Amino acid sequence: MTIKLSMLGLVFLTGCGTTATITRASGPAVEAKIVGGDRYDVYVETPSGEQATIARSDIQDIDHPGSTAGVLGGIVTAYGALNLAVGLPKCETEGAAFCTGVFLPMGIGLPIMLWGIATNSGSRGALDKSPSNDLRGSLFVAPTHQFAGRPDTPGLSVGGAF
């Protein structure tokens, strides 16, 4: 039981961050979510919502999120699979509390492992996808029910951010 509680505590201590730590040559490390990238730059969004561009030539290392959760979740999942193999045959005779203990490590480890893998893959994949529209600028055209202040006359509104 002590091992189960230790593993559970360890998994909760890993946290669930989604920001990457980007180590730069010309300044301090940046904690931000990677939202895109191209041949020359990596586009990030800080936890405060600010958007920034970091030159790839300035990046020394990127620590992507989710790797710790993926590894610890994998360890707990492996323990849960072993626990299922040993405890499942005794589940009917030992009762509900025993059966819950048999399934609990797998029920905790598998979602944490999958979250870690998905988060890590998403961050790595974002390095090579084009940035979202709000980083590149956008243009919109919307129909309106007025034109030149006259109601019931169709018109268009055009706007954008660059």
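**Strands, a shared core and one salt bridge**

Of the 162 residues in this chain, 30% count as buried. The model is a predicted one, and its secondary structure adds up to five helices and seven strands. Following the sequence from start to end gives the pattern α-β-β-β-β-β-α-α-α-α-β-β. Long-range contacts make a good showing: among contacts with a separation of 6 or more, 51% are between residues 24 or more positions apart.

The strand pairings are a handy place to begin. Strands S1 and S2 run antiparallel and are joined by three bridges; together they make a hairpin with five residues between them. Within this pairing, Thr-21 sits opposite Glu-31 in S2. S1 also pairs with S5, again in the antiparallel sense, over four bridges, and here Ile-22 faces Ile-62 in S5. S1 thus has pairings with S2 and with S5. Further along, S3 and S4 are antiparallel partners over five bridges, with Val-44 standing opposite Ala-52 in S4. The S3 and S4 hairpin has five residues between its strands, and in it Gly-49 adopts a positive phi near 95°.

What fills the largest nonpolar core? Twelve residues make it up: Ala-20, Ile-22, Val-30, Ala-32, Ile-34, Val-42, Val-44, Ile-54, Ile-59, Ile-62, Ala-126 and Leu-127. The elements giving two or more residues to this core are strand S1 (20-24), strand S2 (30-37), strand S3 (41-45) and S5. S2 provides the largest share, with three residues.

Ile-22 gives a good view of this core from S1. Setting aside neighbours within four places in sequence, Ile-22 is in contact with Ala-29, Val-30, Ile-34, Val-44, Ile-54, Ile-59, Asp-61 and Ile-62. One of these partners, Val-44, belongs to strand S3 and is buried, at 1% relative accessibility. Val-44 in turn touches Ile-22, Ala-32, Lys-33, Ile-34, Val-35, Glu-50, Gln-51, Ala-52 and Ile-54, once residues up to four places away in sequence are left out.

The core also takes in Ala-126, a residue of helix H4. Ala-126 is buried too, with a relative accessible area of 3%. Beyond residues up to four places away in sequence, Ala-126 touches Ile-34, Val-35, Gly-36 and Gly-37. How far is Ala-126 from Val-42, by their C-alpha atoms? The separation is 8.9 Å, although the two residues are 84 residues apart along the chain. For Val-44 and Ala-126, 82 residues apart along the chain, the C-alpha atoms are separated by 9.7 Å.

Helix H2 tells a two-sided story. Helix H2 covers residues 67-87, has 21 residues and spans 30 Å from first C-alpha to last, close to the 30 Å expected at 1.5 Å a residue. Its buried residues are Ala-69, Gly-70, Leu-72, Gly-73, Val-76, Thr-77, Gly-80, Asn-83, Leu-84 and Gly-87. These residues cover an arc of only 165° around the axis, so they lie on the same side of H2. The other side of H2 has Val-71, Leu-82, Ala-85 and Val-86, which are exposed. The exposed residues there are written as Val, Leu and Ala in the sequence, namely Val-71, Leu-82, Ala-85 and Val-86.

Charged pairs are a much shorter topic. Side chains of opposite charge can pair when their charged atoms come close. The count of salt bridges in this model comes to one. In that salt bridge, Arg-56 partners Asp-128, and the closest N and O atoms are 3.5 Å apart. Arg-56 sits in the loop between strand S4 (51-55) and strand S5 (59-63), while Asp-128 sits in the loop between helix H4 (96-126) and helix H5 (133-136), so the pair ties together parts that are 72 residues apart in sequence. Are the two partners buried or exposed? Arg-56 counts as partly exposed, at 27% relative accessibility, whereas Asp-128 is exposed, with a relative accessible area of 65%.

Key. Residues are numbered from 1 along each chain as its sequence is written. This is a predicted model: local features need pLDDT of at least 70, side-chain atom pairs count only at pLDDT 80 or more; totals for chains, interfaces and linings use all residues. Side-chain values use heavy atoms; hydrogens and water are left out. A salt bridge is a side-chain nitrogen of Lys or Arg within 4 Å of a carboxyl oxygen of Asp or Glu. Buried means under 20% relative accessible area, exposed over 50%, partly exposed in between (1.4 Å probe, protein chains only). A nonpolar core is a set of buried Ala, Val, Leu, Ile, Met, Phe, Trp, Tyr and Cys residues joined through side-chain atoms within 4.5 Å. Contact means heavy atoms within 4.5 Å. Two strands pair if DSSP finds at least two bridges between them. The expected span of a helix is 1.5 Å times one less than its number of residues. The arc is that of the directions from the helix axis to the C-beta atoms.
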